[in-house]
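Q: I am new to this structure and would love a guided look at one part of it. Could you take me through the place where two of its domains meet, and then on to some residues elsewhere that help me find my way around?

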Amino acid sequence: MEILIAEHAGFCFGVKRAIEIAYEELNKQKDTKLYTLGEIIHNPQVVKDLEEKGVRVIEEEELEKLSKGDRLIIRSHGISKKLYEFLEQKGVEIIDVTCPFVKKVQNIVEEYYKKGYDIVIVGDKNHPEVIGVNGWCEDKAYIVNSVEEAENLPFFEKACAVSQTTLIEKHWEDILEVLKSKAKELVYFNTICNATQKRQEAADALSKKVDVMFVIGGKHSSNTQKLRKICEKNCKNTYHIERADEITFEMLKGHDIIGITAGASTPDYVIEEVIEKIKSLKGEDENE
């Protein structure tokens, strides 16, 4: 048996930074309450650990409950400009851990919107990152996530296109080709983050070499779902799991080369637990 780990897997820079800051804030001796706006990452184990230590998850519709001086962690997905201003007016202490790659997209959108460009965001309209980015152009962006949706856009005098940071490269390129015919003047920025690209490329390469591929990450994690889709094209035995205890004997039986990748919200210890579980089950397989 051989277990192969993708060259780039697990915590990305933005998520790692967000988690580190959250634990740092916990260790500060303050009388004020500490919250995160939504779950800080798409990882139930990490979210549960933070909650047990005193970090409360609060949703956008509950923000009125916050009091002056309360501390609120803005997760790596970022938020809208309007929401940021609302929190400042309430006197909330904002701990902004928006990923620098996401912040870059927000800045581009704000800059070109002020210059009079129509904004096109390529990504999932329901994803927190995209919702937040749209808030930097007064929620007036056109959001498309398929070639068909792009083809249905109106013709623009001048437009600026950006991508969700976790998009699959090919997906962006296909939609961009359509956008080029949709504007007299088009400026565009491939804002897929470097870490996402490397993780996707490594997963693609590894999944071509293995008998079974495990993609570890939250079931609601956008970047993990995209890794699963990439791996499924190359390996029919691809499984998206959150925890090691989801792996069964039947998944591994008769297979010798096992591949592992992990989404940006997956801690190293979860990857290690998966490796140990595979070794344990494969030992049973060999003893049969």
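A: What follows is a walk from the meeting of two domains to salt bridges and then to a few single residues.

Please keep in mind that this is a predicted model. The domain assignment divides the protein chain into three parts. Domain 1 is made of two stretches, 1-8 and 193-284. Domain 2 covers 11-98, and domain 3 covers 99-191.

Let us begin with domain 1 and domain 2. Their centres, taken over C-alpha atoms, are 29 Å apart. Where the two touch, 14 residues of domain 1 are in contact with nine residues of domain 2. The size of an interface is often given as the accessible area lost when the parts come together. For domain 1 and domain 2, that buried area is about 910 Å², and 53% of it lies on carbon and sulfur atoms. On the side of domain 1, the residues that lose the most area to domain 2 are A264, S265 and P267. Together these three account for 42% of what the domain 1 side buries, which makes them a good place to point your viewer.

What kinds of links cross between the two domains? The count of salt bridges between domain 1 and domain 2 is zero. Polar contacts, on the other hand, do occur there: four residue pairs are counted between domain 1 and domain 2. As for the elements involved, helix 8 (194-207) and helix 11 (268-287) each supply at least two residues of the domain 1 side that touches domain 2. Sorted by class, that side of domain 1 has five nonpolar, six polar and three charged residues.

Salt bridges are found elsewhere in the model, with a count of 19. Side chains of opposite charge can pair when their charged atoms come close. A friendly example to start with is E111 and K115, whose side chains meet in a salt bridge at 2.9 Å, N to O. E111 is partly exposed, with a relative accessible area of 39%. K115 is partly exposed too, at 45%.

A second pair to look for is E157 and K184, with a salt bridge at 3.4 Å, N to O. This pair links distant parts of the chain, as its two residues are 27 residues apart. E157 sits in strand 8 (residues 156-163), while K184 belongs to strand 9 (residues 183-189). E157 counts as exposed because its relative accessible area is 52%, where exposed means over 50%. K184 is exposed as well, at 64% relative accessibility.

K180 gives you one more pair: this lysine forms a salt bridge with E177, and the closest N and O atoms are 3.2 Å apart. K180 is partly exposed, with a relative accessible area of 39%. Salt bridges can also share partners, and in this way K219, E242, R243, D245 and E246 are joined into one network.

Now for a residue in a rather different setting. T224 lies in helix 9 (residues 222-234). Its relative accessibility is 1%, so T224 counts as buried, the limit for buried being under 20%. The side chain of T224 makes a polar contact with the side chain of S221, at 2.8 Å. Leaving out residues up to four places away in sequence, T224 touches V215, I216, G217, G218, H240 and G263.

The last stop is the stretch around helix 5. N134 is found in helix 5. N134 is buried, with a relative accessible area of 9%. Setting aside its neighbours within four places in sequence, N134 is in contact with I121, D139, K140, A141 and I143.

One of those contacts, D139, is worth a look for its backbone. D139 has a positive phi of about 60° although it is not a glycine. E138 also has a positive phi, near 60°, and is likewise a residue other than glycine. You will find E138 in the loop between helix 5 (128-134) and strand 7 (142-144), and D139 is placed in the loop between helix 5 and strand 7. E138 is exposed, with a relative accessible area of 54%. D139 is exposed at 52%, whereas N134, which touches D139, is buried.

How values were computed
Residues numbered from 1 in each chain as written. Predicted model: local features only at pLDDT ≥ 70, side-chain atom pairs only at ≥ 80, totals over all residues. Heavy atoms only, no water. Domains from an automatic or database assignment. Contact = heavy atoms within 4.5 Å. Buried area = accessible area lost by both parts, 1.4 Å probe. Salt bridge = Lys/Arg side-chain N within 4 Å of Asp/Glu carboxyl O. Polar contact = N/O pair within 3.5 Å; in protein donor to acceptor, adjacent residues only side chain to side chain. Helix = DSSP H or I, 4+ residues; strand = E, 2+ residues; numbered from the N terminus. Nonpolar A, V, L, I, M, F, W, Y, C, P; charged D, E, K, R; others polar. Buried < 20%, exposed > 50% of the residue type's maximum accessible area, 1.4 Å probe, protein only.
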